[in-house]
Amino acid sequence: MSRVRTIGGNWKLNLGPAEASKVATELVAAVVDRGDTRVTLFPTAISLTAVLEAVRGSGIHVGIQDVHTADSGAYTGANSATLARSAGATAALVGHSERRHVFGDSDATVHRKLIQCLDAGLLTTLCIGETLEQRDSAQTEAVLAEQLKSGFGELPPDRVATVTLAYEPVWAIGTGRTASPEMAQEAHAFVRAWLRQAYPDWVADDVCIQYGGSMKPANAAALLSCPDIDGGLVGGAALKAESFSAIILA
Ligand code: PGA
């Protein structure tokens, strides 16, 4: 089993270049000894270069929060995986719930974005998760299975194994309401079992499954000690070096 424990900080539409650079610099100082944990920051595209500069030499990865389905062309306002890569990004998020629910990214769009990122050589995190309504009507597993199936499409096992998954129940994102470790572990175990029935065993063993949704220093250790929770994707608590480094070191 060679899954890499990964903690991501998703800054969403926050922190311009100066602020982002400050937080990134503080973070580098705070997490010198992070063992074998991979840390990735996802600033806004506008702050990408400033953050890359601030973390240079630290081993911290910097990624893009979303990409377009095309490399280049007449797509005003968009960013692409290849351009992010050429700017120095080494990672990407696709399928974040805000992309799905605020911007209307369909499962098919998320799949095309995933391919763009993998083709560009980015370490890619595919986000999945159910809404409260779906959980309350016992559809969680069906929703996760569909997001996994259409997200990966016909990708071969060796490419699936390079993807990081982030299980983020939509009702827990930015709400302060965290899934209990038992609830999160149950969903993660389902995701792992889904991978096991769809691909050779080593894929399920290798894929890092992050939990996301109001992760903070106070609940990180309990969540991260669950057998199928291999990391975290952190929003609000990643905006300050103090709380984000406490999660990384948890
Ligand atoms: P949150 O966001 O930690 O603020 O809930 C998580 C995410 O959106 O990835």
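Is D201 buried, partly exposed or exposed? With 46% relative accessibility, D201 counts as partly exposed. The model behind this value is predicted.

**Barrel**

The fold closes 8 strands into a barrel, in the order 1-2-3-4-5-6-7-8, with parallel pairing. From one strand to the next, the twist averages 25 degrees. Strand 1 (residues 6-10) and strand 2 (residues 38-42) run parallel and are joined by 5 bridges. One residue pair can be named here: N10 has F42 in strand 2 as its bridge partner.

**Helices on the sheet**

Helix 7 (residues 140-152) lies across strand 5 (123-128) and strand 6 (164-167). Its direction is at about 150 degrees to strand 5. Helix 9 (residues 181-198) also packs on the sheet and touches strand 5, strand 6 and strand 7 (209-212). Helix 9 makes about 150 degrees with the direction of strand 7.

**Salt bridges**

The structure holds 15 salt bridges. The table lists some, including two formed by D105.

| Acidic residue | Basic residue | Closest N and O atoms |
|---|---|---|
| D105 | R99 | 3.8 Å |
| D105 | K113 | 2.7 Å |
| D201 | R196 | 3.3 Å |

D105 pairs with both R99 and K113. D105 is buried, because its relative accessibility of 11% is under 20%. K113 has 4%, so K113 counts as buried too.

The D201 pair has another setting. R196, its partner, is partly exposed, with a relative accessible area of 34%. D201 is likewise partly exposed, at 46%.

Salt bridges also form a network, which links R3, R192, D228 and D230.

Note on methods. Residues are numbered from 1 along each chain as its sequence is written. This is a predicted model: local features need pLDDT of at least 70, side-chain atom pairs count only at pLDDT 80 or more; totals for chains, interfaces and linings use all residues. Side-chain values use heavy atoms; hydrogens and water are left out. Two strands pair if DSSP finds at least two bridges between them. Helices (H or I, at least four residues) and strands (E, at least two) are DSSP runs, numbered from the N terminus. Axes are lines fitted to C-alpha atoms, for helices over the stretch in contact, and angles run from 0 to 180 degrees between N-to-C directions. Contact means heavy atoms within 4.5 Å. A salt bridge is a side-chain nitrogen of Lys or Arg within 4 Å of a carboxyl oxygen of Asp or Glu. Buried means under 20% relative accessible area, exposed over 50%, partly exposed in between (1.4 Å probe, protein chains only).
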